[in-house]
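Me: I'm new to this structure and would like to understand the words people use for it. Could you walk me through them?

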Amino acid sequence: MCGIVAYIGKKEAYPILMKGLERLEYRGYDSAGVALMQSDTITLYKKRGKVSELEDYCEQRDTSGHAGIAHTRWATHGEPNEQNAHPHLSEDHRIALIHNGIIENYLSLKKELLNRGYKFLSETDTEVLVHLINEMQQKNNVSLEEAVLLALANVEGTYALAILSVDNPDQLILAKKGSPLLIGVGDDDFFVGSDGAPIVEYTNKVVYLDDGDVAVVSPDKGLRIRNIRDEHALLKKPNYQLLEMTLEQIEKGGFETYMLKEIYEQPKSIRDSMRGRINLQKDIVSLGGLIEYEHKMVNAKRFIIAACGTSWHAGLVAEYLIESLVRIPVEVEYASEFRYRNPIIYSDDVLIAISQSGETADTLAAVDLAKRHGATVIGICNVVGSTLARETMAGSYTHAGPEIGVASTKAFTAQVTVLTLMALSLAQKKGSISKSKYHQLVNDLESIPEKIERIFTQEEHIQKIAQFVATRPNAIFLGRGINYPVALEGALKLKEISYIHAEGYPAAEMKHGPIALIDDHMPIIAIATEQLTYDKVVSNIQEVIARKGTVISIVTEGDTTVKGMSKFCIEIPVTEELLTPLVAAVPLQLLAYHVALIRGCDVDKPRNLAKSVSVE
Ligand code: F6R
């Protein structure tokens, strides 16, 4: 949700900033802009649309300079146009600022600034910051750093900021609250990013800023950090860490798109998510990060799972896994709803927050709420060092590697893998699973990567099915039991990247309303694998056929009944019922992918979306 890059040092800033923006573009692509320090002025270039448009625009322009800030925007306040694009300048053009987050009290601040004669060029919340900082500096005759500290004391909301000033051309000022920001420390320069992607090429020594931190980086004077929550504003010792990311992980590696690469990475990311967590004899499953809290988890009265989007679907799968294996009740909550409905949270509840990015604002708010009620708070997250990883009491990483395609794929299956391991480990500790069932599930879990590889051999067949689906304006996805969340996920993938309207339903719910939608134009994608409710799903499919709906089925290899009823059929390898989501999700990802390609959509950057939703 908006990407921030900044550089200061001896190198040319522009190429570093542009490459960084390209790598952060998944965070938003409504507009892009760059500000460069050129002798005693700030030069600003902004463009509506993607980073490539900004690059084309800058091609014939002066892009020299050794310090700069750049931004790729996902619009919150004000439409995506050049006025609203970042960076924003102070009226005297001496300060430029980029922002990721939302200034919640911007309307009252703006009113006050307007009353004091400031003129606004954009409709953004961000512009108040640059005027406020400028005013603080002039009014109090203080350094820019002091002015930033004073200005931020008046600001409510979330921000990651990078600030460039003509008066201090040898420094960048950075600030963070609620939105991510990290500093890469080079030999004689500094690289700044919303995540590690713009930094990894140059250095792996990083500092993750904490909420309230205001940092000054200068090639000559180094790095200094103070925190606005510290009333004495004392200097903090930077916590240098190793960036756990490689350049290879964030490149396309020969694939046309990140999404396809990430779909194909799933056998590896599932193996990586299991690695070291099942012992050699396969008699113990253990998630290192949770050991300290296992006792609390096994004795919990209730689990609450809070997440958004695809991560919420992984949470729904976990509800089936935990209730069936651990026999502890689970409630799965949209984090955005949970935080505002005054929920009942007991101190012996365990809240599991699931998030690929670890930066989703609503999920983080749910974590905060649960902590305030004294619950145990566990995180399942993919990004090392993210806010979720730092704000939860314990947790497990998913080890899927960076997910750059905006539509989540490998993060989902990695989340389900870790949640399966968690359920198995807790069930073992609680004694709620028989040895034979436990071994059956562990063995089958280990075979999932190879089963997914077999699905990839059907990609051409799935492409043909996509030709059919691509011509339809709507689609319905059906599943039952643990495959109901997979139906929801299949529908989400299709709608978000191909813009076809799609809905997921538990198959038996059809006759309570949605069946009215069925006619000979409606494709029904039904997950009808071997499971307890297989016969019921068969009946649901028959009800669809009786109304001339076209059935596309996902069945277990060797199935003839449902295959015989379907216009198209995708067979998946025989899998333990509780583990089928890991396999059944993959053909649905490929189907959505090919439908979107056929319809000419940008699969990695679907319209209106951004990855890492760090605003409410
Ligand atoms: C869908 C998708 C989103 C995210 C959601 C939560 O493909 O990617 O629905 O799952 O925004 O994001 P995280 O998992 O980062 O909290």
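Reply: Gladly. This is a predicted model. A good place to begin is helix 5 (residues 144-152), which lies across strand 6, strand 7, strand 8, strand 12 (213-218) and strand 13 (222-227). The helix runs at about 150° to strand 7.

Me: What makes the sheet open, and in what order do its strands come?

Reply: The 7 strands are ordered 5-6-7-8-12-13-14, with antiparallel pairing. Strand 5 (88-89) and strand 14 (235-236) are the edges: each has a single partner strand, so one side of each is left without a neighbour in the sheet.

Me: How do you know that strand 7 and strand 8 are paired?

Reply: Pairing calls for at least two bridges between the strands. Strand 7 (residues 159-165) and strand 8 (residues 172-177) are joined by 6 bridges, so they count as paired, and they run antiparallel. I163 stands opposite I173 in strand 8.

Me: Which strands does helix 4 touch?

Reply: Helix 4 (residues 127-140) packs on the sheet and touches strand 5, strand 6 (95-100) and strand 7. Its direction makes about 135° with that of strand 6.

Me: Why is Q137 called buried?

Reply: The word applies under 20% relative accessible area. Q137 has 14%, so Q137 is buried. This residue is in helix 4. Leaving out residues up to four places away in sequence, Q137 touches I95, V142, S143, L144 and A147.

Me: How do you know that the span of helix 14 is close to what is expected?

Reply: Helix 14 (residues 435-456) has 22 residues, and 33 Å separate its first C-alpha from its last. At 1.5 Å a residue, 32 Å would be expected, and the span is close to that.

Me: Where does helix 14 bend?

Reply: The bend is at I448, by about 40°, and the proline P449 follows within four residues. Both I448 and P449 are buried in this helix, and other buried residues there include Y438, L441 and F456.

Me: Which residues touch the most other members of the largest nonpolar core?

Reply: They are I352 and M422, in a core of 94 residues. Helix 19 (residues 580-598) gives the most to this core, with 12 residues. Apart from its neighbours within four places in sequence, M422 is in contact with L287, L290, M297, I352, I378 and I380.

Me: How many residues does the second core have?

Reply: This separate core has 32 residues, among them L36, Y45, L182 and I199.

Key
Residues are numbered from 1 along each chain as its sequence is written. This is a predicted model: local features need pLDDT of at least 70, side-chain atom pairs count only at pLDDT 80 or more; totals for chains, interfaces and linings use all residues. Side-chain values use heavy atoms; hydrogens and water are left out. A nonpolar core is a set of buried Ala, Val, Leu, Ile, Met, Phe, Trp, Tyr and Cys residues joined through side-chain atoms within 4.5 Å. Buried means under 20% relative accessible area, exposed over 50%, partly exposed in between (1.4 Å probe, protein chains only). Helices (H or I, at least four residues) and strands (E, at least two) are DSSP runs, numbered from the N terminus. Contact means heavy atoms within 4.5 Å. Axes are lines fitted to C-alpha atoms, for helices over the stretch in contact, and angles run from 0 to 180 degrees between N-to-C directions. The expected span of a helix is 1.5 Å times one less than its number of residues. The bend at a residue is the angle between axes fitted to the seven residues ending there and the seven starting there.
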